[in-house]
Amino acid sequence: MAWVRLGSLSELETDSGHRVELSDDEAVALIRTEDGVYALVDCCTHEDYPLSEGFVEDGRVECVLHGSCFDLATGHPDVPPAVAPVRTFPVKVDDDDVLVDLPERWAELAENL
Amino acid sequence: MTETSIETLTLRGLDEAAVTAWSEALGDPGWLRARRLEALAALDKLERPTNREEAWRFTDPKRAGLDRHRIVRHAGRPDAAGAEGVVLTPGQALLTPGQAVLTPGQAVLTQGQAVLDHGRGPGGAAATRLDPGGLVTTVDGATTEVALAGDLAARGVILTDLATAAREHAGLVEPRFMTTAAPFADDWFLALHATLVTAGAFLYVPRGVEVEVPIGAEFRRTTAGATFAHTLVVVEEGASLTLVQQHDSPEVIDGPAFHHGVTELLVGPGASVQHLSLQEWGSERVNHFGVQRAEVARQGRFRSFVVTLGGGVVRVSPDVVLREGAEADLLGAVFADEGQKFEHRATVTHAEPHARSTLLYKAGLLGGSRNIFNGNLIICPGARGTDAAQTMRNLVLSRHAHAEANPFLEILNSDVKAAHAAATGRVDDLHLFYLQSRGVPREVARRLVVFGFFEEILAQVTVPAVRRRLEAALEAELAKEVGR
Amino acid sequence: MATEARDLQLQPSPERINPVPEDVDLGAYKFGWHDPVHSVFTPKRGLSHDVVEEISAMKSEPEWMRKFRHKALDAFYRKPMPQWGGDLNTIDFDNIYYFLRATEKQAESWEDLPADIKNTYDRLGIPEAEKQRLVSGVAAQYESEVVYHKVREDLEAQGVIFLDTDAALREREDLFREHFATVIPAADNKFSALNSAVWSGGSFIWIPEGVHVDIPLQAYFRINSQNMGQFERTLIIAEPGSSVHYVEGCTAPIYSSDSLHSAVVEIIVKPHAKVRYTTIQNWSTNVYNLVTKRAAAYEGATMEWIDGNIGSKLTMKYPAVLLLGEHAHGEILSVAFAGDGQHQDAGAKLTFAAPNTTGQIVSKSISRDGGRTSYRGLIKVEEDSPGVRVNVRCDALLLDEQSRSDTYPYNDVKEEDVTLGHEATVSKIGDDQLFYLRSRGLSEAEATAMIVRGFIEPISKELPMEYALELNRLISLQMEGAVG
């Protein structure tokens, strides 16, 4: 795991998701709420759709397609149709930098952005 | 032929002027230039597909990387330098059509390896090498080699590269090129293909001519970028042909590559065509969308073999339309390894009565791989007496594999026999136990069972070299699995 | 007496909206349910946040439900209309009443019913009193009153809660809120969003731990003005070790002037409990019937959906079971008939998200006179669910050349230790079968009816007796072409 800078705090709107594409296959969703910034794999575990486009409320993000809400801290969905949790990553905010602790391969991809 | 240098294109730079210049550099005759511009017009009107559409929900069209890639056409030696800013010379290294290079049975060609043996897998080179009666080789978007056995040429068989065909056989090519089997008016990728295609093969078999030796078409990628290649096959009434298309690359290439191939097969009345399409890309950096469209006229017979072993994201769609009394058998053998995402989408349409079709696709999946079988069987109103069946089987060999099988049926006539079956599972513990109890070690037992699974398909491959080659490739894949 | 009964049903007077048992005639509002409405409501067309606010206010709902409805309406506006399945583009959402008393929507008298429905009732030999019940949509009748009361006593003794959904929200708010929208979120799809915004009526059933309800609970035992509601919301909770069978619908065609029905049914089957939900739907052929039904089954639980679709212009309904605990079992038996102008787009969904879970789907569909049946199904096996065993069987019978049958099964497997099988067949009635039966003295219609009954037997044998009998009679009628 390695800390990588994925974005800037001032560019993140509150209660909305921001997609960071690392490659054709991998993307991270950065979601800012009143409580802080969260990072998750930007893909609903039910169908292939970005969570960064979803609705953010009460510490959860709702997937646009079928309404499953994922807890931003733990990644667990509250209601079907999604049943599997989405992977989350630790986030550190340092001044304006949003740093995310990513697995090695993803961190490598992120460096090349 | 004049030598003109052209630059590579990008999708963004695609306008009438760019396409006209491209067409001129390729040496197109007037009709082909007009067709490209027609396709460009269609492209502008169509919406680019996204993965929210049903047809693309399993393979994101973004995998073609068309916003990143340069569309390339490299002439010359395949191990030439990389993609950016290469000056191209069309027309280079082509043989003149009709030139006798091969006599039947003669060992194949000069350009690197023989068509089906690029070093993958064990097994003697000779046993897995095919001696074709003709061969067209396309490397990175340019045809480098055309050869046809003298006696076939003498019987009226035509095998040329696309550019030559467009110029010298316009009478045969113009009415058929992307008009019937793969029309581009409603399909964004086909419209793009018609606009940009740079190379390929034209194969024509006149009435009654039976071509016993298989004809080969090799599509090879060695560098980054996107290429578009086309194969047009016309087999007249009562004739017969076997075409082997191989898609390959070295194991290491210098960047991500995308290949868009379209094969149109027009099978005449009572004719018999066998088409083998081998996706054996050595590198997983090659993504491939392969469109295959066969139109089988009345009483025609068509047999398709799709074998997918290599590449990164590979989407093959072997589609067949059957007219009265026609027959089609579609077979597929797929083996997916970690990181590979394959989609096989076959649409079989019974347009007229009394046609018969079968489809049998089998896949083995190792960990971290994905394969989707999508079979669409459409029986039109009026297609009385249809006899159709589809079977798909996914054999899951490890955890973390993702297998999908979606056999669809759309039946609009009642006088039909139509059935489909799909099964997904792993190696049967009972089979394993049986073999192990007879002293066969577990890994060997597993391999035996997997071979048994594919045997049904392999047994129907009529080209011995291809069969042996497949067996070798399967062995190689399974060998990787030992010790996991 | 009959006239008075009709009058009482028709005028939207405050007395009728707030019926007091003593004032109401037998056969209408005898059964003691009070409506919560304390003011006169003027029905108006169209959908908006104002309408939603009125609905919630009229029912005096708690704040959380009011907010839930508004949020659901936002989701409805956001979501695009599905372009798959049936043709929904002709629904005019602004021209619909979203909240009306059931009886205001029914036919006013026997004479007002469409001819084909009257015909059916006559041919099925439905007695006069019954006809009245079917016209008014309030399913209670003279003779069954005694039975009804007995059933209610038994249920109360067991601690079973069986209320209409509005009453459940009022009287059992905590229990209701704990489970409501936990299986189907408002934003699941456009029509669940619509239902979530404007829902009214439906059944709420809670079975205490270890209790087995022996008699099937029927929708008409829950007497209330929203009995035949267009936006019913049903919630069934079976506590651990309990069991219940719920039945809704009726084989006789029900006329509804509403063109849009969009119900939501959520079922929670806690560990080792068992729920069976049987529906027979025969809406008149002006109705769009779009239903979202889903059950969550936990450890060792069993959920069975029995789904019969006979009526409506278009039905889109895919009963689903989520298998969330080890050894849970889900089963869906579906039968669909489509005649002239009808499209039954039905199916089943099973999601396996725990080890050693099992499932079975059997779908039988019959199309005639240009009708269209489509089976749309999904089998999804998530990772870390070893030991899944599931089988799907879809059979379609096409009775003539104009009819159509489709199957669109999706099988998506991410786990290695799975056994998944899917089989489908399409056929017509064999000439030899017909010949044999006719040679035994049966008319063509009788022979066809017999074959059709045999075709659906695996499902009809699971239906409660009176439904099976009525269904058989209905089939005979349809084969004679006497109905619709």
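Reading chains, interface and sheet in a predicted model

User: Which share of the contacts in chain C between residues at least 6 apart in sequence joins residues at least 24 apart?
Analyst: In chain C, 82% of the contacts between residues at least 6 apart in sequence join residues at least 24 apart. The model is a predicted one. For chain B, the share counted in this way is 80%.

User: How many helices and strands are there in chain C, and how many in chain B?
Analyst: Chain C has 14 helices and 19 strands. Chain B has nine helices and 19 strands.

User: What percentage of the residues is buried in chain C, and what percentage in chain B?
Analyst: A residue counts as buried if 20 or more other C-beta atoms lie within 10 Å of its own. By that criterion, buried residues are 52% of the 484 in chain C. In chain B, 56% of the 484 residues are buried.

User: How should I read the contact between chain C and chain B, and how many residues does each chain give?
Analyst: The size of an interface is often given as the accessible area lost when the parts come together. Here there is a residue count: 29 residues come from chain C and 29 residues from chain B. On the chain C side, strand 18 (404-413) and strand 19 (418-427) each supply at least two residues. Strand 18 of chain C gives the most to this side, with ten residues.

User: What is the make-up by class of the side of chain C that touches chain B?
Analyst: That side of chain C holds eleven nonpolar, eight polar and ten charged residues.

User: Which strands are joined by bridges across the two chains, and how many bridges are there?
Analyst: Two strands pair if DSSP finds at least two bridges between them. Strand 19 (residues 416-426) of chain B and strand 19 of chain C are joined by eight bridges and run antiparallel. As one position to look up, B:His420 lies opposite C:Ala424 in strand 19 of chain C.

User: What is the strand order of the open sheet of three strands in chain A, and which are its edge strands?
Analyst: An edge strand pairs on one side only. The order in this open sheet of chain A is 5-6-7, with antiparallel pairing. Its edges are strand 5 (55-57) and strand 7 (69-71) of chain A. On average, neighbouring strands of the sheet are turned by 25° against each other, direction ignored.

User: How many bridges link strand 5 and strand 6 of chain A, and what is the bridge partner of A:Phe55?
Analyst: Strand 5 and strand 6 (residues 60-62) of chain A pair over three bridges in the antiparallel sense. A:Phe55 has A:Glu62, in strand 6 of chain A, as its bridge partner.

Note on methods: Residues are numbered from 1 along each chain as its sequence is written. Chains are lettered from A and ligands numbered from 1 in the order in which they are written. This is a predicted model: local features need pLDDT of at least 70, side-chain atom pairs count only at pLDDT 80 or more; totals for chains, interfaces and linings use all residues. Two residues are in contact if their C-beta atoms, placed from the backbone, lie within 7 Å. Helices (H or I, at least four residues) and strands (E, at least two) are DSSP runs, numbered from the N terminus. Ala, Val, Leu, Ile, Met, Phe, Trp, Tyr, Cys and Pro count as nonpolar, Asp, Glu, Lys and Arg as charged, and the others, Gly among them, as polar. Axes are lines fitted to C-alpha atoms, for helices over the stretch in contact, and angles run from 0 to 180 degrees between N-to-C directions. A residue is buried if 20 or more other C-beta atoms lie within 10 Å of its own, exposed if 12 or fewer, and partly exposed in between; C-beta atoms are placed from the backbone.
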